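The following exercises concern the fold and the interior of a single chain. Please work through each task before reading its solution.

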Amino acid sequence: MREPSSTRTEDNRTTIRDAFAAWREGTAPITDVFAPDMTWRIEGHSLASKRYDNKQQFIDEVLAPFGARFTASDPFRPISIRGSTPTGTP
């Protein structure tokens, strides 16, 4: 028997909320929730604008170079996360 959609949705919300909290706290990278075979597309006209066919390609070509612009004392992490309450309100 399948779970109700609302239960799966709330489980997904909790997973992502927890992943962002761990990233903010510096205890886990946000990429832990990326599927290895994900596809990510950046639209626009920048050098990063293209299709990335998997998690590792996205990390290597987008996240690593972007993260390298930050220092160890001021890492690339969210400071606050809007809508992080169960109801989605700040």
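**Exercise 1.** Among contacts in the chain between residues at least 6 apart in sequence, what percentage join residues at least 24 apart?

*Solution.* The model is predicted. Of the contacts between residues at least 6 apart in sequence, 29% join residues at least 24 apart.

**Exercise 2.** Describe the order of the secondary structure elements in the chain.

*Solution.* Begin with the inventory: the chain has two helices and two strands. Read from the N terminus on, these elements run α-β-β-α.

**Exercise 3.** Locate T31 and determine whether this residue is buried or exposed.

*Solution.* First, the position: T31 belongs to the loop between α1 (5–25) and β1 (40–41). Next, the accessibility: T31 has a relative accessibility of 11%. Buried means under 20%, so T31 counts as buried. Finally, the surroundings: leaving aside neighbours within four places in sequence, T31 is in contact with K55, I59 and L63. The C-alpha atoms of T31 and F58 lie 9.7 Å apart, and the two residues are 27 residues apart in sequence.

**Exercise 4.** Identify the residues that make up the largest nonpolar core, and list the contacts of F34.

*Solution.* The largest nonpolar core has five residues in all: F34, M38, Y52, F58 and V62. Not counting residues up to four places away in sequence, F34 touches W40, K55, F58 and L63.

**Exercise 5.** State how much of the chain is buried and how much area the chain exposes.

*Solution.* Of the 90 residues in the chain, 17% are buried. The chain exposes about 6,900 Å², and carbon and sulfur atoms supply 55% of that area.

Terms used. Residues numbered from 1 in each chain as written. Predicted model: local features only at pLDDT ≥ 70, side-chain atom pairs only at ≥ 80, totals over all residues. Heavy atoms only, no water. Helix = DSSP H or I, 4+ residues; strand = E, 2+ residues; numbered from the N terminus. Buried < 20%, exposed > 50% of the residue type's maximum accessible area, 1.4 Å probe, protein only. Contact = heavy atoms within 4.5 Å. Areas by Shrake-Rupley, 256 points an atom, 1.4 Å probe, with all protein chains shown as cover. Core = buried A, V, L, I, M, F, W, Y, C linked by side-chain atoms within 4.5 Å.
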